[in-house]
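Subject: Structure for your review

Hello,

Here is the structure to look over. My notes follow below it.

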Amino acid sequence: MTALLALEHVTKSYSGVRAVDDVSLAVARHGITGLIGPNGSGKSTTIDCLSGFQALDRGRVVLDGVEITGWAPHRIARAGLIRTFQTVRVYDALSVLDNLKLAAQQAAPGGWLDALLRTRRHGAADRAAAARARELLALIGLARHEAVPAAILSYGQKKLLALAAALMPRPKLVVLDEPVAGVNPTRIREVETVIRQLHAAGETFLIVEHNVDFIMNLCDRVIVFDQGRTLMDGTPAEVRKDPRVLEAYLGAGA
Amino acid sequence: MTIDPLYLVQLTLNGLVLGLLYALIAVGLSLIFGVLEIINFAHGEFLMLGAYAMTFMLPVVGLLYAPALLAAVLITALGGFLLFELFLSRLGQHDFERSILITIGLSIMLLHGTQYLVSATPRLVDTELGFDGVAIGDIRITWTRLIGGGLALAAFASLYGLLTRTPFGRAMRAIAQNREAALMVGIKPRTVARNAVVLSTALCGLAGAALAPIQLVQPIMGQFLIFKAFALVIIGGLGNLPGAIAAAVALGLFESWIGGFFEIIWQEAAVFLLMILVLLVRPNGLFGRAIVRAG
Amino acid sequence: MRRFAGVGAAACAVGAAALLPTVTQSNYLIGIAVSACLFTVAAASLNLVYGYTGLLSFAQLAFWGIGGYCAALTVATFGGNFWQGLLLAAGLNGALALAVGYPALRLNRHAFVIVSLSFALLANLIARDWTELTRGPLGIPGLPAPTLFGFAFRGTATFYYLALTYAMLALGLLYAIASSQIGVTLRAIKQNEILAQSQGISGLGYKLLAFTVGAVLTAVAGGIFVFHLTIVDPLILDFYYMQTFLIMVIIGGAGSFWGVVVAGVLMSALPELLRFSADLRMVLYGAILVAAVLVMPDGVAGWLRRRRVERLRAALQ
Ligand SMILES: Nc1ncnc2c1ncn2[C@@H]1O[C@H](COP(=O)(O)OP(=O)(O)OP(=O)(O)O)[C@@H](O)[C@H]1O
Ligand SMILES: [Mg+2]
């Protein structure tokens, strides 16, 4: 079976700085792939490139056999690739529940007219979204807060909300940029459990995270970046043992 | 249709002068945008202020051109200082919409306040130079136009020197190019922003004062011109100074030619259509979204 | 629960509004009420575009004025009737909104504001300078009362019912949009367009929708308004109107449907209370705008909302 997502020779510079330098990588279907690397090694830039938020200088991105290079971000999202952001993004003035419903909106049937006329189809989709939202809110421990504006959540709670939002539309591939940075350590365990559950149900993940334990526990494969290039690519055990990784990352970080 | 070549030269000269004065306005607008990320909707009223300051100073100084012009520039610079200290300095970096609403409110107050105080009647402004001019063959250009164009060129040369050679100007460009980095090397954004506003309004006052003996002076004159200046900074690329100047000179020429042969309505519509066209093809303007670039 | 209270209050307000001509015989007061209906529609449309979607659009002024000219020209020059005039106003302005909105909305918000303002100023210039069509500064006076199946909306009180009916229809549509999932999506795009894009929501499509709906409703309001004045001239494109709509939206609270409607109705009376020189009135309006933006950026409704959030946050600690 081919990879769900493939990057081929992706290159991206910011005014001279090579943030991503000729990176090729593949994300296996139904896997949990980790992506680690020191600060500034190009992880977030890679996510921006594969989700359409940055135009590539060179290279191709293929999602599920379809080339998506150069597509607009919303089109890539509709094709089933959903990403989160390192600096958390939520709709501050909307309620927690509305935040989640919005995330599922494009995947639901019905358009503007359905929403305006509040047709039966819209009602059914709305109820389904609310039900799934409540399920996810229970999993991340925010069920009590569904009616409050997202602005009043703590940073960690917002991160969890953003994670839940990414899971709402049941995408083909979920790309998470530092999902547990700033999250209460006792909650991190629960996030692991949520991701495992969804993985068991067939979901595919690509996760960027500085929390090495989190990555090593969860992932079946880990890619290591250094200075915009792939340093290595293997199982968590292999990565742990590799001296280059220790030098570039673990040695410096832990 | 036969076109008299002399008439064409005459139109070209007039257009050139007009374009240079437009450029003074557009450059100020672009500079404020580059440094503060604010669009000053009251910019046209500063032009009007400069023109009225000239109008009222001239009789005081015995119709002498230079002292009246200097006074007008100082008065508008002071106005710019007040604009910054009283209003703009209270805005945060992400208050773009608020900055517009505030400068719009001020623009309306200045426009209608002036209209109330001095009436809306257009005035013809006389200077020591009168309506004399130089004539080369059948081509004639008044001194006031010639001086206006020369002043604009001198202003651009000084602005260029200021932005590239002085610490004051370099700080301005640094902020426009990379705010975070500029802050890290210890540039004071507030001082730089104030300087940029004062400089821009002074340039605008200069344009107004130079226009006063060329055009009719009336409260609404700023509104007419600001509309063109907006189109120019968009076409030239927001925050791009050379782009704004190039677009302004081109517009002056273009208007003068069109105005010589077609109805006024086409002259007005042309700018707007050109702007929409440019935006469709190049959303960042013809010369790109460059920051305050001096060359 | 709150929803029903709102609908109940709205029904009472409509009832009271419908009874107005039985309470007062004063054409002057009823004339103000006509303006209140139409200004409120324009302010609520601007609220959809600016308050909900975050697009500070001065093109609303152009749509208001072009709508007025469309309706007047249809009757006075093109040989049509009032209703065809409104249809032309709606159709032409809808098309203009798409034609100007599509290139302008792809830009950053800075450039969008400038383009929308230039569009309004251009409309003003055309109204004054294209004399063959618009008859220039003198305008087109003596617009006749609209008729429907032989019934003429003559007299201020009768005309008031026409304006009120339109206001109800337009505000109803705006409320339906604002309270639906579309309204939520517009607010989401305003707050965080990048997040919306990452969720598959196309910002451009929704912005065009809001911009176009706002244009059509404002244009028809402008069309009715010039028949209330019985004249159209370039003053219909005066910045005075834009400023009035803006103040209503800002004082009422950008993004609050009822806040803006209430502010629209109350503040329509303001120019009538301030009956000194037109220039001084404008100066005062400018001062109100500046003060409101400096002191109360989210309006009365925003201030109330912030207090609620503060309470929730306190309760959560
Ligand atoms: N918008 C931008 N403009 C200019 N340079 C950028 C931009 N975004 C990132 N960079 C640079 O690109 C390089 C890679 O940054 P990136 O954010 O992808 O790293 P990262 O691996 O995600 O780091 P971190 O672990 O700190 O999040 C860095 O040198 C950074 O300074
Ligand atoms: Mg990162």
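A polar contact here is a pair of N or O atoms within 3.5 Å. By that rule Gln86(A) makes such a contact, since a polar side-chain atom of this residue lies 2.8 Å from an oxygen atom of ligand 1. Please keep in mind that this is a predicted model.

Ligand 1

Two further polar contacts to ligand 1 are worth listing. The side chain of Asn39(A) places an N or O atom 2.8 Å from an oxygen atom of the ligand. At Ser41(A) the partner is a polar backbone atom, and the distance to a ligand oxygen is 3.2 Å. On its own, ligand 1 would expose 640 Å², of which the protein buries 62%.

The shell around ligand 1 holds 13 residues, and the closest are Asn39(A), Lys43(A), Ser44(A), Thr45(A) and His210(A). Sorted by class, the shell has eight polar, three nonpolar and two charged residues. Helix H1(A) supplies the largest share of it, with three residues.

Magnesium ion

Which protein atoms act as donors to the magnesium ion (ligand 2)? They are OG of Ser44(A) and OE1 of Gln86(A), at 1.9 to 2.0 Å from the ion. These two donors join distant parts of chain A, being 42 residues apart. Ser44(A) sits in helix H1 (residues 43-50), while Gln86(A) is in the loop between strand S6 (81-83) and helix H3 (96-105).

Neither donor residue falls under the 20% limit for buried or over the 50% limit for exposed. Ser44(A) has a relative accessibility of 22%, so it counts as partly exposed. Gln86(A) has a relative accessible area of 33% and is therefore partly exposed as well.

Gln86(A) thus appears in both sites: its OE1 is a donor to the magnesium ion, and a polar atom of its side chain contacts ligand 1. Ser44(A) is likewise a magnesium donor and one of the closest residues to ligand 1.

Chain B

Chain B contains 11 helices and two strands. Read from the N terminus, the order of elements is α-α-α-α-β-β-α-α-α-α-α-α-α. Its C-alpha atoms fill a box of roughly 60 × 50 × 35 Å along the principal axes. The radius of gyration of chain B is 19 Å, which agrees with the value near 19 Å for a compact globule of 295 residues. Of the 295 residues in chain B, 58% are buried.

Regards

Conventions: Residues numbered from 1 in each chain as written. Chains lettered and ligands numbered in written order. Predicted model: local features only at pLDDT ≥ 70, side-chain atom pairs only at ≥ 80, totals over all residues. Heavy atoms only, no water. Donors = N, O, S within 2.8 Å, 3.2 Å for Na, K, Ca; no water. Helix = DSSP H or I, 4+ residues; strand = E, 2+ residues; numbered from the N terminus. Buried < 20%, exposed > 50% of the residue type's maximum accessible area, 1.4 Å probe, protein only. Near = heavy atom within 4 Å. Polar contact = N/O pair within 3.5 Å; in protein donor to acceptor, adjacent residues only side chain to side chain. Areas by Shrake-Rupley, 256 points an atom, 1.4 Å probe, with all protein chains shown as cover. Nonpolar A, V, L, I, M, F, W, Y, C, P; charged D, E, K, R; others polar. Rg over C-alpha atoms; globule rule 2.2 N^0.38 Å.
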